Amino acid sequence: MTHSRRSVLRRGAELAVAGTAASLAGCTGNGGGSSEEFDSGYAAFFTLNDWANEVAGDNASFEDPVDVGQLGHGWTPDGTLAADVAATDAFVYLDSPEFAWAQDLAATLESDYDTVATVDVLDGLEGDLLEWNHSHGESHDEEGHDEGDHDGEGHDEGDHDNGTRYDPHVWTDPVLAAEMVDTIATGLGEADPDNAEAYAANAEAYAADLDAIDDAFRSIAEDAARDVAVLAGHNSFQYLEARYGFRLRSPVGVSPQNEPTQSEIADTIDLVDAEGIDVVLYDRFQSPRLAESIVENSGAAEAVPVTPAGGTTREWNDAGYGYLEQMTEINVPAFERAFGAQ
């Protein structure tokens, strides 16, 4: 991941229009971005949108441009999104090449639409990012990646400029999630000083819920009957592995573009039988076929979904599930069963 080190917030008093943004110039005068009142914004995908609305409370509302059932990384916006965002007060995003469309949009806003605050939730977390190893099998060597290693050793800022790719799924770690929520509160508070205390208070209250998720995963790690589980899909949970010492075996690896070989699938089936694993996990946003095949050809009993919490389904959306509910209602019980911590 190459970080631009954009500021968390860049806001000015007047709208500046450059030639590269001429197509948007006629669309900016009617929205919140050109108004004294701070009351609306966009966030780049489901989780950031959920957090931004939690932090904003009654003072502002945020919109997710990504449709239900889709994930924000690898997504392509339609031609009107830039104009829509430029007509609001804030854009909350993840400065990651996996969200290139959001990076490009933030760059346009910062250079040509200074009345729109841009909040990069990764600001200050450069030292906590994990390298994205696109090889198959286990996502990374657990040695040297326990909780204490989130001090960023080996991941200095220079690494972000040397072509190294970093796993963008930082939000799956509830501890780092609390820091990102605080960054949102800081950014909104600087853009809207009159409500800064409310944003900070809302972030603090939300952090208590994130602490509860952290406690739940710590309990799973402490009570686990085994130190390895199988995830039959691409692994979006490196940050949970690093935080809590979990070990997830995936025949796919971390990239959704990877295709597992027959040898890797066979090795995974052998691991299931050797470890007495009865639950095989799979990504709810991907097909369960690989997990079902492993269950059918091993001693496992069931395929159980987990969520990378980067999007939502129609069912979860209708039930009012946000990030907290996806973690507590889907991931925590699934991890409990997969690691035998019930």
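**A walk through the structure, starting at helix H1**

Right after helix H1 comes glycine 57, and its phi is positive, near 60 degrees. Helices here are DSSP runs of H or I with at least four residues, strands are runs of E with at least two, and both are numbered from the N terminus. The model is predicted, so local features need pLDDT of at least 70 and side-chain atom pairs count only at pLDDT 80 or more, while totals for chains, interfaces and linings use all residues. Residues are numbered from 1 along each chain as its sequence is written, and side-chain values use heavy atoms, with hydrogens and water left out.

Take the overall picture next. The protein chain has ten helices and eight strands. It holds 342 residues, and 53% of them count as buried. Buried means under 20% relative accessible area, exposed means over 50%, and partly exposed lies in between (1.4 Å probe, protein chains only). Contact means heavy atoms within 4.5 Å. Look at the contacts in the protein chain with a separation of 6 or more: residues 24 or more positions apart account for 74% of them.

Now go back to H1, residues 46-56. Why is H1 largely enclosed by the rest of the structure? The reason is that nine of its eleven residues are buried. Among them are Phe46, Leu48, Trp51 and Val55. What do the buried residues of H1 pack against? Their partners are S1, strand S2 (61-63), S3, helix H4 (174-191), helix H5 (196-223) and H10.

Follow one of those partners, H10, which spans residues 323-338. The axes of H1 and H10 come within 9 Å and cross at roughly 115 degrees. Axes are lines fitted to C-alpha atoms, for helices over the stretch in contact, and angles run from 0 to 180 degrees between N-to-C directions. On the H1 side, the residues that meet H10 are Phe46, Thr47, Asp50 and Trp51. On the H10 side they are Tyr323, Leu324 and Gln326. By class, this contact has four nonpolar, two polar and one charged residues. Ala, Val, Leu, Ile, Met, Phe, Trp, Tyr, Cys and Pro count as nonpolar, Asp, Glu, Lys and Arg as charged, and the others, Gly among them, as polar.

Next, the strands. Strands of a sheet pair through backbone hydrogen bonds, either parallel or antiparallel. Two strands pair here if DSSP finds at least two bridges between them. Four strands form an open sheet in the order S2-S1-S3-S4, with parallel pairing. S2 and strand S4 (117-120) stand at the edges with a single partner strand each, so one side of each has no neighbour in the sheet. From one strand to the next, the twist averages 25 degrees. S3 and S4 run parallel and are joined by four bridges. In one of these, alanine 90 has alanine 117 in S4 as its bridge partner.

Two helices lie across this sheet. H3 crosses S3 and S4, running at about 145 degrees to S3. H4 lies across S2, S3 and S4, and runs at about 165 degrees to S4. The loop between S4 and H4 holds aspartate 167. Aspartate 167 is buried, with a relative accessible area of 0%. Its C-alpha atom is 8.9 Å from that of serine 96, although the two are 71 residues apart along the chain.

Another parallel pair is S7 (residues 279-283) and S8 (residues 302-306), joined by five bridges. Leucine 281 stands opposite valine 304 in S8. With helix H8 (residues 289-296), S7 and S8 make a right-handed β-α-β unit. Right-handed means that, with the strands pointing away from the viewer, the path from the first strand over the helix to the second runs clockwise.

Finally, the rings. How many aromatic pairs does a search of the whole structure find? It finds 15. Rings of Phe, Tyr and Trp (its six-membered ring) pair if their centres lie within 6.5 Å; planes under 30 degrees apart count as stacked, over 60 as edge-to-face and the rest as tilted. Phenylalanine 45 and phenylalanine 99 are stacked, at 4.9 Å centre to centre and 25 degrees between the planes. These two are 54 residues apart, so the pair links distant parts of the chain. Phenylalanine 45 is buried at 0% relative accessible area, and phenylalanine 99 is buried at 1%. The rings of phenylalanine 285 and tryptophan 316 are edge-to-face, because their planes stand at 75 degrees, with centres 6.1 Å apart. Tryptophan 316 is buried too, at 6%.
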